[in-house]
Amino acid sequence: MTISPTEVATSQAVGPNSQPALSEVASQKVQPSSRVILFYDGQCGLCQKSVQFVLKRQPQGSILFAPLQGTTAAEMLPAADREQLDSMVVAKNGQLFRHSTAALAIAQELGGFWKVLGHLGSIIPRPLRDLIYRSIARNRYRMFGQADACRLPQPGERERFLD
């Protein structure tokens, strides 16, 4: 990935007023894995559409999915990530990525055009990327609605959902 370790370590707010180094958070919760896990708000229409977007463009299955409200998130993520629901979280190589950095990590994982777009996006300064991300996240329920239920996975997709 082109996202620098310094950027990752300093970019991820865990609480409203705290910003521990990502390595501290990651070492507490995330176990290194060769698979990428995308944690998403299971009640968010935009988040569910994002999961469908990834499923369609990444059929080989290296990205797994888990709702922030689920047991996998409870086992792997700090409480703030599960309670605030203000960002998707990506677990990759024993590290956690949040906000725009998480979106870029997923784009780069998709390969092809999306990988290039993810690399180009990382050129944009993180504060600006996160400002845009947070603006969309703040208004996502109003813009995309809330989901009463998730769609059932299609055959071959079920093993990619951890909860």
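## Helix packing, a salt bridge and a surface patch

In this predicted model, Leu104, Ala107, Gln108 and Leu110 of helix 6 touch Gly112, Trp114, Lys115, Gly118, His119 and Gly121 of helix 7, where contact means heavy atoms within 4.5 Å and helices (H or I, at least four residues) and strands (E, at least two) are DSSP runs numbered from the N terminus. The residues of this contact comprise 4 nonpolar, 5 polar and 1 charged, with Gly counted as polar.

| Helix | Residues |
|---|---|
| helix 6 | 99-110 |
| helix 7 | 112-121 |
| helix 8 | 126-144 |

The structure also holds 3 salt bridges, each a side-chain nitrogen of Lys or Arg within 4 Å of a carboxyl oxygen of Asp or Glu. One of them joins the side chains of Arg98 and Asp81 at 2.8 Å, N to O, and this pair links distant parts of the chain, since Arg98 lies in strand 4 (residues 95-98) and Asp81 in helix 5 (residues 79-84), 17 residues apart.

Residues are numbered from 1 along each chain as its sequence is written. Local features need pLDDT of at least 70, side-chain atom pairs count only at pLDDT 80 or more, totals for chains, interfaces and linings use all residues, and side-chain values use heavy atoms, leaving out hydrogens and water.

Notes. Axes are lines fitted to C-alpha atoms, for helices over the stretch in contact, and angles run from 0 to 180 degrees between N-to-C directions.
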